[in-house]
Amino acid sequence: MPSRLWNLSEKGKGLTDDMVEAMVDNEVPDWYLDSCRKIKYMFPKAHAAAYVLMAVRIAYFKVHHPLYYYASYFTVRASDFDLITMIKDKVSIRNTVKDMYSRYMDLAKKEKDTLTVLEIMNEMAQRGYRMQPISLEKSKAFEFIIEGDTLIPPFISVPGLGENVAQRIVEARDEGPFLSKEDLNKKAGLSQKVIDYLDELGSLPNLPDKAQLSIFDM
């Protein structure tokens, strides 16, 4: 009876006649009966306590271990990254956020999602930390990693790049270094659009369009 009563009350379904009769027989106060009839949703104390503890832990890391907080946030919660803006200096990031807020009512949903990410990036930059470009040698498929006072973004943060391709880049890299952009396309299956984005991001320094064959390699 208690568990059945809890489930019905929690979901706002009220009490059955046999429940009311049993509660009256056991001298349950009228105010309790009335409350059970009115409750639309019941939030357990254990859940409330768990949420408070989680909030305290998050706040602790944000204050005392900020890069762990930002790396976790960007990895778990964020989407719609604008890495071109995120790798810039703190003044440029702040100005971009201000500009987007001035046009907020005209922004599409995707742009508003990007703005949410840039707000966190702006906070991170104002605290003296920065975002590096994606690194062909160091970036992971899905997780932001910490290096000094910076974060290195994962391949999945590239717009238009899916999970399978992000994982394929890491697997191809483990087999050997990429010799050219053409090699990157063949081994990892990157489209020209993604390669151009990585190039603009500064992630492909000194990587030629095609591998040059040396007579010393023959």
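**Exercise 1.** Determine which residues M86 touches, not counting residues up to four places away in sequence.

*Solution.* With contact taken as heavy atoms within 4.5 Å, M86 touches F74, F81, I93, V117, L118, M121 and M131. The model is predicted: local features need pLDDT of at least 70, side-chain atom pairs count only at pLDDT 80 or more, and totals for chains, interfaces and linings use all residues. Residues are numbered from 1 along each chain as its sequence is written, and side-chain values use heavy atoms, with hydrogens and water left out.

**Exercise 2.** Establish where the largest nonpolar core lies.

*Solution.* A nonpolar core is a set of buried (under 20% relative accessible area, 1.4 Å probe, protein chains only) Ala, Val, Leu, Ile, Met, Phe, Trp, Tyr and Cys residues joined through side-chain atoms within 4.5 Å. The largest such core has 48 residues, and F74, M86 and L190 have the most contacts inside it. Helix α8 gives the largest share, seven residues. Domain 2 (78–128) and domain 3 (132–217), with bounds from an automatic or database domain assignment, both contribute residues, so the core lies between them.

**Exercise 3.** Identify the buried residues of α7 and what covers them.

*Solution.* Helices here are DSSP runs (H or I, at least four residues) numbered from the N terminus; α7 spans residues 90–102. Its buried residues are I93, V97 and M100. Seen down the helix axis, they fall within an arc of 65° (from the directions from the axis to the C-beta atoms), so they line one face of α7. Their cover includes α6 (83–86) and α8 (109–126). On the other side of α7, K98 and S102 are exposed, meaning over 50% relative accessible area.

Definitions and conventions. Helices (H or I, at least four residues) and strands (E, at least two) are DSSP runs, numbered from the N terminus. The expected span of a helix is 1.5 Å times one less than its number of residues.
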